[in-house]
Amino acid sequence: MKRENETTVSEFLLQGLPIPPEQQGLFFTLFLVMYLATVVGNLLIILLIRMDTRLHTPMYFFLSALALTDVSFSSVTVPKMLVDMQSNHKSIPYAGCVSQMYFFIWFGCLDNFLLAVMAYDRYVAICQPLHYTTIMRQERCVSLVTISWLLCCFHSLLHTLLLKEKMRRDNQSCASEFLLLGLPIRPEKQGLYYALFLAMYLTTVLGNLLIILLIRLDSRLHTPMYFFLSHLAFSDISFTSVTAPKMLFNMQTRSQFISYASCVSQVYFFLIFGSLDSLLLTSMAYDRYVAICHPLHYITIMSQSLCSMLVIVSWVLSYAGALLHTLLLARLSFCGDKVVPHFFCDLSVLLKMSSSDTTVNDLVIFTEGVASITLPFICILVSYGRIGTTILRVPSTKGIFKALSTCGSHLTVVSLYYGSIIALYFFPSSTSSNDENVIVSVLYALVTPMLNPFIYSLRNRDIKGALGNILSRGILLSR
């Protein structure tokens, strides 16, 4: 929020529990013991389920997720409460208060969803015992937990943004919307480019949905590589949908305004799916490395649990990074120029427009950029370096062809994705205009997600074979 031009304070005072001062020590000990029992007890449950193969069932999978949620839910409020009771320093900064509310709503919502999922699991186990293994397979269990996380995250974000918008309107005189200049296109060509970008967006959505459908329907594609590819396809759809619909709407209606809450939301989701793309590409590179460099141990190393864990960690890290950037962005002032020289709310552009000190934001961008972009890119380079070394040890035309067929699609996507990001953010030209930067942004925000289905379809026999099987089934059924 704004610091220079607002009358609100930057922190709140927590009154705490209604406990007489002489009993503070007793209740501090009681709540500390309760909190430690919660953390240790739930962590013990997670450890036991992880170590005992007899507990690797849907019910205990959901229980471990619930235990992790309970630890997180308690950790949102109890440590701060204990610190306040011990130090008598009961103030909490604005960012800390908003973050506490965000995670409290998130994990509270997640508790409810997980309990509902566990009830469904018990229903299937008792009412349909013969079909229990088929219905409650591991893929569905992971999907139920993931969907619960996503829905609760969106629910929590909505409440947080509405609260910030309410405080913003009540306590400041600055405008509550921005003006997106859009793409550098002449008015007489707006219709042509609108049709072009609409076709690109529909191609991106339909192409990636087709990949997800093929992987879902063809059992031969139920492998780690295609598991990661299905998540990458979903991420690409979401990544493009963050910016393209608003851009197309503005081009058609000539109304280029975007509200403050919508702008912040766009930044949040753009960062999530941009970071998620990077981490998923890294997981896919590791999968290719294991497939070529350790083929005999591939099934053992790339187990379903490891693949699920890699995807879940990618989602969690992406959410955490995006939330951090969004909270820091929300603290800034925008009382000057409201014109955004871009077709979407880009974080770097907004920071340049702010009238506040953005030193902390820039530091976090550098640190988080190293963690979510640079390090994954280095890991991908190392993986392909090891793959190249392995192939060159026993050089053969067949081995090189196999490596290219296995890694070619992924390497092409990596080159497109990181090439545009490096050109835009890491090595920006001092002579490049803002229009050139916007065009490069179109490349990685719209063009790359559209090309991914074609790259994986045209260079992948398995995908083409699955598509042929689906089409042949459709023809036979129509007859």
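Start by selecting Leu179 and Val339: in strand 5, Val339 is the bridge partner of Leu179. Keep in mind that this is a predicted model.

**Stop 1: strand 3 and its neighbours**

Now widen the selection to strand 5, residues 339-340. Strand 3 and strand 5 run parallel, joined by two bridges. Next, add strand 4, residues 257-259. Here the pairing with strand 3 is antiparallel, and three bridges make the join. Find Phe257 in strand 4; Leu179 stands opposite.

Stay on strand 3, residues 177-180, and look at the two faces. Phe178 and Leu180 make up the covered face. Glu177 and Leu179 make up the uncovered one.

**Stop 2: the aromatic rings**

Select Tyr102 and Phe103. What kind of aromatic pair do Tyr102 and Phe103 form? The structure holds 24 aromatic pairs, and this one is edge-to-face, with 5.2 Å centre to centre and 90° between the planes. Is Tyr102 buried or exposed? Tyr102 counts as buried, because its relative accessibility is 1%, under the 20% cut-off. Phe103 has a relative accessible area of 27%, so Phe103 is partly exposed.

Now extend the selection to Trp106, Phe107, Trp149, Phe234, Phe273, Trp315 and Tyr319. Ring pairs link these residues with Tyr102 and Phe103 into a cluster.

**Stop 3: a patch on the surface**

Move to helix 12, residues 359-393, and pick Leu375. Leu375 is partly exposed, because its relative accessible area is 44%. Then add Phe366, Val370, Ile378 and Val382. With Leu375, they form a nonpolar surface patch. Together the five residues have about 450 Å² of accessible area.

Methods:
Residues numbered from 1 in each chain as written. Predicted model: local features only at pLDDT ≥ 70, side-chain atom pairs only at ≥ 80, totals over all residues. Heavy atoms only, no water. Patch = residues over 30% accessible without salt bridge, like charges linked within 9 Å, V, L, I, M, F, W, Y side chains within 5 Å. Areas by Shrake-Rupley, 256 points an atom, 1.4 Å probe, with all protein chains shown as cover. Salt bridge = Lys/Arg side-chain N within 4 Å of Asp/Glu carboxyl O. Helix = DSSP H or I, 4+ residues; strand = E, 2+ residues; numbered from the N terminus. Buried < 20%, exposed > 50% of the residue type's maximum accessible area, 1.4 Å probe, protein only. Phe/Tyr/Trp six-rings, centres within 6.5 Å; stacked < 30°, edge-to-face > 60°. Pairing = 2+ DSSP bridges.
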